[in-house]
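These entries record what I looked up in the structure. I kept them short and in the order of inspection.

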Amino acid sequence: MLNKIHILGTGSKGNCYILHFDNGQIQLESGLKNENLKDVNYLLISHLHEDHFPMVSYKKYKGHYLKTFFPSIEKFQNIYENKKLENCFISMFNVPHIVPNVGFHINFENENILYITDCGDILSLIDTLKNITCKLTYLIIEVNYDSFQIKGSQFFHKDYVVSNLGHSSNVDVLKFLSEINLPRTCKILFIHRSENHTNSKTYTIFDILPYNWIVAKNKKTIYCKPWEEI
Ligand SMILES: [Zn+2]
Ligand SMILES: [Zn+2]
């Protein structure tokens with residue numbers, strides 16, 4: 001069973017989410033340093049952007065506990081195994097972004113967890129994921145910006161962010177959620193929110209959804225039963 005998700009960081013300043021199961025830990029991203037990385041069984045990295053896997057931390061980690069499972073940056077792998085978990089199945093799928101990027105499906109201790117971030121065209125994944133989304137227990141998904149908010153902004157990288165190789169908007173994710181066959185019991189964690197391109201009202205569009213959802217914040221822990229942030 002998944003018990004809690006510890007959020008070291010979420011968003012463009014650094015992403016790091018630690019999933020605590022009954023018998024193991026899986027870390028998603030390494031955009032911030034986890035002091036207890038040795039307790040993590042698997043480390044999953046979606047792509048080589050600084051907020052997910054900074055080169056500076058690679059250098060810092062290199063001589064320490066990661067050396068056994070970081071062979072070389074040239075041969076970048078997305079999944080690093082520290083201590084093997086029995087009956088844990090992790091699969092990857094391509095996620096459209098400006099650099100090669102993957103999402104993860106984790107099947108462990110009766111949980112089906114889907115992780116998607118930094119996705120320029122979330123609707124293009126519906127067909128690929130339809131056999132997975134119908135059995136999910138948790139969905140961890142990027143909602144980066146508010147379409148209305150970013151349109152009026154002067155942000156230099158605006159065209160890239162809203163492109164098919166950029167990031168997901170609240171409207172894109174709402175469409176995605178209404179078109180996939182997600183079980184009502186699935187709990188949703190919205191991640192990678194942009195501070196500048198969302199406002200406090202942004203997420204109210206998700207109120208129409210029949211799901212239990214939380215917007216991730218830095219340095220918070222989400223307890224899974226009940227689904228609440230502490
Ligand atoms: Zn990112
Ligand atoms: Zn990225």
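Entry 1. I began with H6 and looked up its partner across the strand pair: H6 stands opposite I18 in β2. I noted that the model I am reading is a predicted one. The strands concerned are β1 (residues 2-9) and β2, which pair in the antiparallel sense over six bridges. I then followed the chain through the hairpin of β1 and β2, which has six residues between the strands. In that hairpin, G11 takes a positive phi near 115°.

Entry 2. I next asked how many residues of β2 are buried. Strand β2 spans residues 16-21, and five of its six residues are buried, so that I recorded the strand as mostly covered. On the side of β3 (residues 24-28), I found five bridges to β2, with the two strands running antiparallel. Within this pair, H20 has Q25 in β3 as its bridge partner. The hairpin that β2 and β3 form has two residues between the strands.

Entry 3. I placed these strands in their sheet. The sheet is open, has seven strands with mixed pairing, and follows the order β5-β4-β3-β2-β1-β12-β13. I noted β5 (79-81) and β13 (228-229) as the edge strands, each of which pairs on one side only. At the β13 end, I looked up the pairing with β12 (residues 220-223): the two strands are antiparallel, over two bridges. There Y223 stands opposite E228 in β13.

Entry 4. I turned to the other sheet on my list. It is an open sheet of six strands, again described by mixed pairing, in the order β6-β7-β8-β9-β10-β11. Why is one side of β6 and of β11 left without a neighbour in the sheet? Both β6 (89-94) and β11 stand at the edges and have a single partner strand each, so one side of each has no neighbour in the sheet. I recorded an average twist of 15° from one strand to the next. Inside this sheet I checked β7 (residues 102-108) against β8 (residues 111-116), which run antiparallel and are joined by five bridges. In this pair F108 stands opposite E111 in β8.

Entry 5. I looked up the largest nonpolar core and found that it has 45 residues. The residues with the most contacts inside it are Y17, L19, L139, I140, I141 and L189. Strand β2 gives the most to this core, with five residues. I then listed the contacts of L189, leaving out residues up to four places away in sequence: L189 touches I5, I140, I214, A216 and I222.

Entry 6. Which residues of helix α5 are buried? For α5 (residues 170-179) I noted N170, D172, V173, F176 and L177. They lie on the same side of α5, because they cover an arc of only 155° around the axis. I also looked up what covers these buried residues, and the cover includes α2 (126-133), β9 (138-142) and α3 (147-151).

Entry 7. I followed the chain beyond α5 to P183, which has its place in the loop between α5 and β10 (187-191). Is P183 buried or exposed? I entered P183 as exposed, because 12 other C-beta atoms lie within 10 Å and the cut-off for exposed is 12 or fewer. From P183 to Y138 I read 9.8 Å in space, C-alpha to C-alpha, for 45 residues of separation in sequence.

Entry 8. I looked up K217 in the loop between β11 (212-215) and β12. K217 is partly exposed, because it has 14 other C-beta atoms within 10 Å, a count between the limits of 12 or fewer for exposed and 20 or more for buried. Not counting residues up to four places away in sequence, K217 touches I7 and T10. K217 and I191 are 26 residues apart in sequence, and their C-alpha atoms are 7.9 Å apart in space.

Entry 9. I closed with the totals for the protein chain. The chain has five helices and 13 strands. Of its 230 residues, 35% are buried. Among the contacts with a separation of 6 or more, 61% come from residues 24 or more positions apart.

Note on methods: Residues are numbered from 1 along each chain as its sequence is written. Chains are lettered from A and ligands numbered from 1 in the order in which they are written. This is a predicted model: local features need pLDDT of at least 70, side-chain atom pairs count only at pLDDT 80 or more; totals for chains, interfaces and linings use all residues. Two strands pair if DSSP finds at least two bridges between them. Helices (H or I, at least four residues) and strands (E, at least two) are DSSP runs, numbered from the N terminus. Two residues are in contact if their C-beta atoms, placed from the backbone, lie within 7 Å. Axes are lines fitted to C-alpha atoms, for helices over the stretch in contact, and angles run from 0 to 180 degrees between N-to-C directions. A nonpolar core is a set of buried Ala, Val, Leu, Ile, Met, Phe, Trp, Tyr and Cys residues joined through C-beta atoms within 7 Å. The arc is that of the directions from the helix axis to the C-beta atoms.
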